[in-house]
Every structure is written in C-alpha cells, then in structure tokens.
Amino acid sequence: MLKITDARVIITCPGRNFVTLKIETSAGIHGIGDATLNGRELAVASYLTDHVLPTLIGRDAQSIEDIWQYLYKGAYWRRGPVTMAAIAAVDTALWDIKAKQAGLPLYQLLGGASRTGVMVYGHANGGTLEETIAEAVRYQAMGYKAIRLQSGVPGLASTYGVSRDKLFYEPADARLPTENVWSTHKYLPTVPKLFEAAREALGWDVHLLHDVHHRLTPIEAGRLGKDLEPYRPFWLEDATPAENQAAFRLIRQHTTTPLAVGEIFNTIWDCKQLIEEQLIDYIRATVVHAGGITHLRRIASLADLYGVKTGSHGATDNSPVCMGAALHFDLWVPNFGIQEYMRHTPETDAVFPHAYSFEGGDLHPGEAPGHGVDIDEALAATFPYRPASLPVNRLEDGTLFNW
Ligand code: KDG
Ligand code: MG
C-alpha cells in the first residue's frame with residue numbers, strides 16, 4: 001500500500017493560468033496532474049479541493065483504476081468538463097506516482113514505445129495570407145513536418161487563431177470576454193487560397209492542417225472540404241459543432257478531406273457514434289479534458305477498431321504537465337496520428353521543468369521516471385492567478401455565434 005498522505009491544488013499564472021494537482025504519498029513519492037480548464041479554472045479547483053481531495057487521503061495511490069471508477073461512478077453526476085478535468089488531474093498524478101515507483105518512464109508502463117518520436121504540428125498564423133505563409137516558412141525551417149494554417153479574413157477585424165504573439169497563441173486575453181465578429185461568407189473563399197499559396201511556398205512534403213473552430217454548417221463544411229481536396233490537407237478540424245454527432249454524415253458524403261474533432265470532448269460517449277460510423281479520421285480528445293490516461297486509453301482503443309487515429313489537443317492552455325503525459329501516451333498508442341504542439345512561454349517552462357524535448361519535427365517525452373514534468377512551487381507562487389476569459393463570437397448583425 002502506497003498511502004496518499006496529502007493532495008493540494010496549485011494555481012499559477014506565468015503568462016496564463018494553470019491549475020495543477022499535487023498528490024503526496026507515504027513513500028515520499030509525489031505525482032502531479034493538470035486540471036486546467038481555460039476560462040473556468042476556479043470551478044475545477046473547487047471541485048477538487050472541496051469535493052475530491054478529502055476522499056483521497058488514506059487511499060492506496062496504486063489503485064488507479066479503482067480511484068477512477070470511484071470518482072466517475074461515485075459522484076452520481078457523471079461527465080462534463082469540470083468533473084472530467086478533475087478526474088484527469090487525479091489520474092495523471094497517480095500514473096506519475098506509479099511510474100516513479102517502478103523507476104520507469106510512463107510510456108513503459110503503458111506498453112512501451114511504438115515509435116521513435118511523436119510527430120507534432122505547430123501553428124502558423126497571420127493577419128493576412130502573406131503573413132501566414134511567412135510564418136509557415138519559419139515553422140518549416142524549425143523542422144516541423146506538419147503545420148496548421150490560420151489567417152485573418154479580409155473584411156473581419158479579428159478571427160480565431162490569429163494571435164498577437166506568434167509563437168505563444170493564447171485566446172483567453174481579457175478579464176471579460178472579448179467580442180469578435182464572424183462572416184462565413186467572407187471566410188469560406190479565403191482558406192483554399194491560403195492552401196494554394198502554402199503548397200506553392202512550402203511544397204508537398206509538409207502536412208498542412210486547418211481549424212474551422214466549429215463555425216460551419218455540415219453542408220458548408222462539405223463545400224470547404226471539397227475545395228481543399230486539391231491541396232491534400234492532413235485534416236480539417238472542428239468543421240461543425242459536434243454535439244450532433246450524426247451531422248458529420250453529411251460532411252462525409254461530400255468530401256474526402258480527413259476530419260478531426262474532439263478537443264472539447266470529455267468522455268467516450270461524446271465520440272462513440274463519430275468513431276463507430278467512421279465519420280471522422282482523427283480523435284482530438286486529450287489527457288486533461290477527457291478523464292486522464294485511463295479514459296483516453298479507452299477512447300483510443302475504440303478508435304483503433306474503426307481505423308480512427310489520435311490527434312490530441314495541445315494548445316497552450318494544456319499545461320506542460322498535460323503535454324508530458326500526452327507524449328508518453330502518444331509514444332505508446334498503436335493508432336497514433338499526430339500531436340498538437342503550441343509552445344509554452346519561457347516563464348511557463350521555468351515553472352514546469354520537464355523532460356520532453358523537440359527535435360526534427362518530433363517531440364519525445366524523455367526517459368525520466370514518471371511523466372517527466374514537475375512544478376517549481378516557489379516560482380509558481382510568484383505568479384498569482386489572474387482572471388481571464390475566452391472570447392465570444394457574433395455574426396455581423398449581432399447574433400451570438402459559435403466560438
Ligand atoms: O482554450 C481553447 C483553446 O484550447 C482552443 O481555442 C485551441 O482550438 C484550439 C486548438 O485547436 O488548439
Ligand atoms: Mg481546435
């Protein structure tokens with residue numbers, strides 16, 4: 001028995017907010033897990049501190065599966081982003097502890113490495129098509145084998161995915177939600193032009209991706225997918241809101257462009273139909289928002305049965321702790337596709353010392369026992385929590401729209 005002796009939540013803001021759970025054990029081994037839910041950080045912190053942590057003290061840290069079931073089934077109120085982020089944090093910390101106890105990097109406990117490295121994609125974005133292409137050229141020079149392209153839309157003041165600070169995109173940029181304006185009519189013709197210019201500038205070896213951020217109807221998405229086919233995109237992401245999983249049937253009928261979805265999914269139930277009907281090609285659920293390693297493994301196993309690959313979310317609001325755990329998962333998972341990799345700022349990297357490293361377009365989780373990421377609590381304490389919200393989006397006539 002490896003008794004859980006203490007568990008606490010650490011909130012820090014080295015440029016953006018992160019919520020981290022630290023679990024300590026009777027053997028002196030500790031583990032950490034990411035619990036960050038962008039713009040709703042304190043809800044998860046309270047869920048953990050007020051409701052989960054008191055039930056953990058004295059339990060056996062080695063019983064990862066039993067604790068997962070206890071927190072999922074035992075709560076009665078199943079699923080949802082707050083609950084599942086809290087469960088993910090506990091689960092990630094417990095896998096960290098188990099791997100440290102074994103003296104092994106986490107990927108070895110999962111089944112060992114299935115590949116030499118984890119292919120990642122970076123974010124090239126700019127206010128104009130030309131700026132985005134220049135950024136993409138820079139990413140290619142850094143060694144990236146896959147690049148996401150997002151560009152401003154002529155006639156719209158701002159749009160999703162175009163950042164002020166190129167390398168460290170962070171959309172939660174104000175105390176209260178910023179309001180953006182959207183026009184599908186203005187947006188739709190811009191993406192094929194962007195891809196055409198990108199193929200001219202970058203060639204055909206590099207993988208190109210695009211995120212629609214839930215802004216199209218299924219038939220509009222079918223049109224965009226079809227228009228992009230000549231440029232062979234790696235994927236079209238979040239083409240339409242996925243609460244209605246059956247909506248993807250319509251997109252599928254119209255395009256062979258691969259589809260990715262799932263960064264806001266919490267459980268296997270959010271993607272069961274999408275996977276079983278082979279309506280998508282990549283599932284983007286990740287460690288922190290989909291119940292930790294224990295649950296993500298179930299989603300990936302279901303996906304593998306239907307030829308769907310993984311493509312985990314890796315935006316800057318997923319802390320280095322999530323990234324470290326995700327990379328161990330990616331190195332092992334048989335149906336790996338790609339991993340998103342938005343770089344964290346130097347301040348964030350200093351608060352979360354980590355074993356993972358980037359080389360030649362791949363990340364590798366490193367060989368440190370556990371998931372290889374820790375938190376410098378003294379440094380974290382120098383960056384107090386700052387409330388920040390994600391933006392909202394309206395149509396030009398003021399109608400509230402999808403973000
Ligand atoms: O918190 C929201 C971000 O993680 C999200 O906007 C990023 O869509 C995103 C992506 O694909 O990384
Ligand atoms: Mg996205």
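Two strands count as paired here if DSSP finds at least two bridges between them. Keep that in mind as we walk through this structure, which is a predicted model.

Let's start with the overall picture. The protein has 14 helices and 16 strands. Its radius of gyration is 20 Å, close to the 22 Å that the globule rule gives for 403 residues, so the protein is as compact as a globular protein of that length. Lay the C-alpha atoms along their principal axes and they fill a box of roughly 60 × 45 × 45 Å. Of the 403 residues, 57% count as buried. The accessible surface adds up to about 15,400 Å², and carbon and sulfur atoms own 54% of that. As for who touches whom, take the contacts with a separation of 6 or more: 73% of them involve residues 24 or more positions apart.

Now head for the C-terminal strands and that bridge definition. Strand E15 (residues 392-395) pairs with strand E16 (residues 400-401) through two bridges, and the pair runs antiparallel. Look for Asn393, whose bridge partner in E16 is Phe401. E15 and E16 make a hairpin with four residues between them. In the turn sits Gly398, with a positive phi of about 95°. E15 has another partner as well: strand E6 (residues 179-182) runs parallel to E15, and four bridges join the two. Here Trp182 stands opposite Leu395 of E15.

Step back from E6 and you reach the loop between strand E5 (146-151) and E6, where Asp173 is found. Is Asp173 buried or exposed? Neither, quite: its relative accessible area is 39%, so Asp173 counts as partly exposed. Its C-alpha atom is separated by 6.2 Å from that of Ala388, although the two residues are 215 apart along the chain.

Next, the metal. Which protein residues act as donors to the magnesium ion (ligand 2)? They are Asp211 (OD), Glu237 (OE) and Glu263 (OE), lying 2.0 to 2.2 Å from the ion. If you're scanning the sequence, their spacing reads D-x25-E-x25-E. Glu237 lies in strand E8 (residues 235-237), while Glu263 lies in the loop between strand E9 (259-261) and helix H10 (272-276), so this pair ties together parts that are 26 residues apart in sequence. Both of these glutamates are tucked away: Glu237 is buried with a relative accessible area of 0%, and Glu263 is buried too, at 9%.

Finally, have a look at strand E12 (residues 336-340). Five of its five residues are buried, so E12 is largely enclosed by the rest of the structure. Who are its neighbours? Strand E11 (residues 309-312) runs parallel to E12 and is joined to it by three bridges, with Gly311 standing opposite Ile338 of E12. Strand E4 (residues 118-126) also pairs with E12 in the parallel sense, over two bridges. In that pairing, Val120 has Gln339 of E12 as its bridge partner. To see how the chain gets from E11 to E12, follow helix H12 (residues 320-332): E11, H12 and E12 make a right-handed β-α-β unit.

Methods
Residues numbered from 1 in each chain as written. Chains lettered and ligands numbered in written order. Predicted model: local features only at pLDDT ≥ 70, side-chain atom pairs only at ≥ 80, totals over all residues. Heavy atoms only, no water. Donors = N, O, S within 2.8 Å, 3.2 Å for Na, K, Ca; no water. Buried < 20%, exposed > 50% of the residue type's maximum accessible area, 1.4 Å probe, protein only. Rg over C-alpha atoms; globule rule 2.2 N^0.38 Å. Contact = heavy atoms within 4.5 Å. Areas by Shrake-Rupley, 256 points an atom, 1.4 Å probe, with all protein chains shown as cover. Right-handed = clockwise from strand over helix to strand, strands pointing away.
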